[in-house]
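This report is meant for a reader who meets the structure for the first time. Please look over the sequence and the model before reading on.

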Protein chains: 2
Amino acid sequence: MLSSLRSAIGAPPAEGFAAARRHLDRLTKPPGSLGRLEEIAARLAVLRGGAPRVERPVIFVFAADHGVVAEGVSAYPQIVTAQMVENFLRGGAAVNVLARQAGARVVVADFGVANPIAGSPELHACPIAPGTANMTRGPAMTRAQAVRAIETGARLAEHALDAGADLLATGEMGIGNTTAASAITAAITGALPERVTGRGTGVDDAAVARKVDVVGRALAVNAPDARDGLDVLAKVGGFEIAGLVGVTLAGAARRVPVALDGFIAGAAALVAVTLAPDARHALFASHRSAEPGHTVILEHLGLTPYLDLALRLGEGTGAALFIHLARAAALVWNEMATFESAGVSQSEGASDRRAPPSGAPSEAGGSAPERERTPSDRVAPAKPARERRT
Amino acid sequence: MLSSLRSAIGAPPAEGFAAARRHLDRLTKPPGSLGRLEEIAARLAVLRGGAPRVERPVIFVFAADHGVVAEGVSAYPQIVTAQMVENFLRGGAAVNVLARQAGARVVVADFGVANPIAGSPELHACPIAPGTANMTRGPAMTRAQAVRAIETGARLAEHALDAGADLLATGEMGIGNTTAASAITAAITGALPERVTGRGTGVDDAAVARKVDVVGRALAVNAPDARDGLDVLAKVGGFEIAGLVGVTLAGAARRVPVALDGFIAGAAALVAVTLAPDARHALFASHRSAEPGHTVILEHLGLTPYLDLALRLGEGTGAALFIHLARAAALVWNEMATFESAGVSQSEGASDRRAPPSGAPSEAGGSAPERERTPSDRVAPAKPARERRT
């Protein structure tokens, strides 16, 4: 299954961006004036090969434990992974609140939590093992376990896609998993451990130094192969991270946008792109986490984040906030009046005289100055102004 | 009315921030891990003096024309102001789309549009005059007109507040109004015209140079008094900007958050804070506009924007996007489970070992390490997890 997923992932047609720009420049606003919202709209349209749609987003919150906590890398005891899964199932965690607001479904899955979780029909129980092994002593998991976790994540994503999901978001919970994410990031990008290791949920300076040392030892003991994402994942990853690799690949294979949350979800994306480079076209960096390693990941992936709110919680919370922006971009594309339909005069110059927004990827910027119109390109008339109640 | 508004505006009690931090640190997340979302929640709670609420946001889109367009400062003809007002009334503009998404009501008002607008029961017709005078030849308006426009804006805001509005957002439309905003910004902050003048809706380099010259001449001819917001507003402002000054003051006087859109709304806030310095406690900088003068305004007001999407459209579009963040902050405050209610273990250390997020204003950061609990502080149990449909 993993190899068929990998071979299904390709780049969207490059000419799609020019058509997307033509559509966006026809809407009643100066060309490019909605900045990065237009970039999102264009990327969504090109990925989908048609009008973007964000109506049924799904947030995957995968949980697992990490043997490396024995090295004293977290401010919280391991039992918190199980307790927070129960909190997710009761709807009381931050991601539940933000998902409800965003109209997103939350899929909670146990990929290998060490402590027992109170039974719930809402829980997808797919544990690979009760936590990974301590990666400072040897590989965190076997290669077969890594593949199984990826395929399980992909299968959960495919079920959601078959049920109509049109945006997948990646979230996680796992005490100790920022240490695994740091090790993955160092292994794949070549950055030094001290550059990609931060405070996680809030450890002190001594513990950060300990985490840096732990990451260095894990890399020395395991010598992961940077070009082989599976090798990196098995040796210094985590089960929940592997599951999110599967979600990321499944979304990319079906040309459905994947909204990445923060550092740990970013590490999963890093592995996914190592396995299938064209997966990056489906990836949206929801936000820039306060974790320093996240910026290293985003640079490596060539993604500029859309939100920068100093979040460092994980769970999918940043991705949940991004859903509002993705939906806004889709609604602008679909619901705004055109200059023609609204009878609004255009700019007195002929073409767009503005450079594209600095953060836009090159293929999404560079507003085409074209102005021709064809009836088939015209959008539906704007909906009635139901928001004005008086 | 203006003087009673000004005297009604005071600073919220400083001790409110410690209580807000205590509440936020009790929720099931590492202290401060929701970054600037927690800053928004704390500021909303302190302003309101209780649990924040963003259920009935209202976006004010005020339109007017500017005599200074005779100097060739815009890429669009003046008729576009009237055409776009008609687009707002039909619900086809970007702000309509984004307001519908955010569940916000849009109040469209004519504060002095030069061309006729097709009649609509949705339009608040309160024109001061058919456009301002050309500010390079003398004052844009009289002091009496400025006061009248402010009071009209305040009255529209008060009607909305009386009907239950719990967040006011400021938006505008007016061909030529970035030139007025640049002049206001230069006059009040002392920045040079070239530092606060940009491309507006998309003029070329020659037109930017012309705008800089126009702003310089307007300031030289009128010599506005930087300490007198009314003088600045009358001499180099606009009717729609004056109306937004009224909205800003009315929100601050009633301790209701005012979400500022971009550069022009920011210029209105600058005038409002000159008239009533404590109004700044009610102000939320929705986003950082691509207009260079906006950054100068935000620095002067001591506000760090929450979104940075290179928007340069105006209308209230950035404020509409910010509503999602403000609502997210309020929902986190109200709906998340506490460590106690969810039975989740806390950090193994005693206190928060993280510095506050760098962008937070000093009074909102500095997480108090207190951990005591009183029943009256406890939030309601989390709502059922209605987002999980399978």
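Through which surface do the copies, chain B and chain A, meet? In this predicted model, 100% of the interface residues of chain B are also interface residues in chain A, so the copies meet through the same surface. A turn of 180° with a shift of 0.0 Å along the axis lays chain B on chain A, and the RMSD is then 0.0 Å. That is the relation of a two-fold axis.

**The interface**

The size of an interface is often given as the accessible area lost when the parts come together. Here chain B and chain A bury about 7100 Å² between them, and 55% of that area lies on carbon and sulfur atoms. Chain B contributes 83 residues to the contact, and chain A contributes 83 residues.

Two salt bridges are counted between chain B and chain A, and B:Glu335 takes part in a salt bridge with A:Arg100, where the closest N and O atoms are 2.9 Å apart. Across the interface of chain B and chain A there are also 23 residue pairs in polar contact, with both residues at pLDDT 80 or more. Several elements of chain B each supply at least two residues of the side that touches chain A, among them helix H3 (35-48), helix H4 (79-90), strand E2 (105-112) and helix H13 (317-335). The largest share of that side, nine residues, comes from H13(B). The table divides the residues of the side of chain B that touches chain A by class.

| Class of residue | Residues on the side of chain B that touches chain A |
|---|---|
| Nonpolar | 41 residues |
| Polar | 22 residues |
| Charged | 20 residues |

**Within chain A**

Turning to the single chain, chain A has 14 helices and six strands, and of its 390 residues 66% count as buried. Among contacts in chain A between residues at least 6 apart in sequence, 78% join residues that are at least 24 apart.

One residue of chain A may serve as a local example. A:Glu71 is placed in the loop between strand E1 (57-64) and helix H4 (79-90) of chain A. Is A:Glu71 buried or exposed? Its relative accessible area is 15%, and A:Glu71 therefore counts as buried, the cut-off for buried being under 20%. The side chains of A:Glu71 and A:Thr136 are joined by a polar contact of 3.2 Å. Leaving aside neighbours within four places in sequence, A:Glu71 is in contact with A:Asn134, A:Thr136, A:Arg137, A:Arg210, A:Val214 and A:Arg217.

Note on methods
Residues numbered from 1 in each chain as written. Chains lettered and ligands numbered in written order. Predicted model: local features only at pLDDT ≥ 70, side-chain atom pairs only at ≥ 80, totals over all residues. Heavy atoms only, no water. Least-squares fit on C-alpha atoms with pLDDT ≥ 70 in both. Contact = heavy atoms within 4.5 Å. Buried area = accessible area lost by both parts, 1.4 Å probe. Salt bridge = Lys/Arg side-chain N within 4 Å of Asp/Glu carboxyl O. Polar contact = N/O pair within 3.5 Å; in protein donor to acceptor, adjacent residues only side chain to side chain. Helix = DSSP H or I, 4+ residues; strand = E, 2+ residues; numbered from the N terminus. Nonpolar A, V, L, I, M, F, W, Y, C, P; charged D, E, K, R; others polar. Buried < 20%, exposed > 50% of the residue type's maximum accessible area, 1.4 Å probe, protein only.
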